[in-house]
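Thanks for making the time this morning. I would like to walk through one model with you, and please stop me if anything is unclear.

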Amino acid sequence: LLDPRTADPFARRPIRVSMGHTLTVPWARARAWPDALADARAAGFTVAALTPGDDAIPIDRLPATGPIALLLGAEGPGLTAAALAATDLRVRIPMAPGVDSLNVAAASAIAFHRVAATIAP
């Protein structure tokens, strides 16, 4: 689920760096952001924001209670206050002392791997 300002997933670079997997992942663009997160919740998703915030739970404590929609913000500013307020929970990736954050590609890879591990048979 992409917000209205997210780059085109079919642009040349996303297709190239994803090795074509962009073409196999289902997606939709949300027009009303972050209000569309209520639709995800109504469809049965737990909406979880990735944030380095101190109030976030470590990702290894992410509950495996059904489908999870992960929110990732832009590198630098992260998620808006409105997007964070529209989530069910906040999740962080524990890091070594002195490291404040990961880039969004690395963070998403870790988070997607963790979510996949909770639903794998």
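I will take the sheet, then the loop between two of the helices, and then the pockets. Please keep in mind throughout that this is a predicted model.

Let me begin with the sheet, which is open and built from four strands in the order β2-β4-β1-β3, with parallel pairing. The strands at the edges are β2, residues 57-58, and β3, residues 68-71, and since each of them has a single partner strand, one side of each is left without a neighbour in the sheet.

If we go across the sheet from the β2 edge, β2 pairs with β4, residues 89-92, in the parallel sense and over two bridges, and within that pairing Pro58 has Arg92 of β4 as its bridge partner. Next, β4 and β1 are joined in the parallel sense over three bridges, with Ala49 standing opposite Arg90 of β4. At the other edge, β1 and β3 pair over four bridges, again in the parallel sense, and here Ala48 stands opposite Leu70 of β3.

Now, how many of the residues of β1 are buried? Five of the five are, taking residues 46-50 as the strand, so β1 is largely enclosed by the rest of the structure. The side chains are divided between two directions, with Thr46, Ala48 and Leu50 pointing one way and Val47 and Ala49 the other way, and all of these residues are buried.

Let me turn to the loop between α1 and α2, where I would point out three residues. Met19 is placed in this loop and has a phi near 55 degrees, which is a positive value in a residue other than glycine. Met19 is also exposed, because its relative accessible area is 69% and the cut-off for that class is over 50%.

His21 is found in the loop between α1 and α2 as well, but with a relative accessible area of 46% His21 is described as partly exposed. The side chain of His21 reaches the backbone oxygen of Ser18 at 3.0 Å. For a sense of how the chain runs here, His21 and Asp35 are 14 residues apart in sequence, and their C-alpha atoms are 28 Å apart in space.

The third residue is Pro34, which lies in the loop between α1, residues 12-17, and α2, residues 37-42. The peptide bond that leads from Trp33 into Pro34 is cis, with omega near 5 degrees.

That brings me to the pockets. The largest pocket holds about 2,000 Å³ of space, and its lining counts 44 residues, with Leu1, Leu2, Thr6, Leu72 and Phe112 lying nearest its centre. Which elements supply at least two residues each to this lining? They are α1, α2, β3 and α4, the last of these being residues 104-119, and α4 gives the most, with eight residues. By class, the lining of the largest pocket divides into 31 nonpolar, eight polar and five charged residues.

The second largest pocket has a volume of about 400 Å³, and of the 21 residues that line it, Leu50, Thr51, Pro52, Ser101 and Leu102 are the closest to its centre. Here β4 and α4 each supply at least two residues of the lining, which by class has 13 nonpolar, six polar and two charged residues. Leu50 therefore comes up twice in this talk, as one of the buried residues of β1 and as one of the residues closest to the centre of the second largest pocket.

Technical notes: Residues are numbered from 1 along each chain as its sequence is written. This is a predicted model: local features need pLDDT of at least 70, side-chain atom pairs count only at pLDDT 80 or more; totals for chains, interfaces and linings use all residues. Side-chain values use heavy atoms; hydrogens and water are left out. Two strands pair if DSSP finds at least two bridges between them. Buried means under 20% relative accessible area, exposed over 50%, partly exposed in between (1.4 Å probe, protein chains only). A polar contact is a pair of N or O atoms within 3.5 Å; within protein, one must be able to donate a hydrogen and the other to accept it, and residues adjacent in sequence count only if both atoms are side-chain atoms. On a 1 Å grid over the protein atoms alone, a cavity is a set of points where a 1.4 Å probe fits but cannot get out, and a pocket is an open set with protein on both sides within 12 Å along at least five of seven lines; lining residues have an atom within 4 Å of a point. Grid points are joined across faces, edges and corners, and a volume is the space filled by probe spheres set on the points. Ala, Val, Leu, Ile, Met, Phe, Trp, Tyr, Cys and Pro count as nonpolar, Asp, Glu, Lys and Arg as charged, and the others, Gly among them, as polar.
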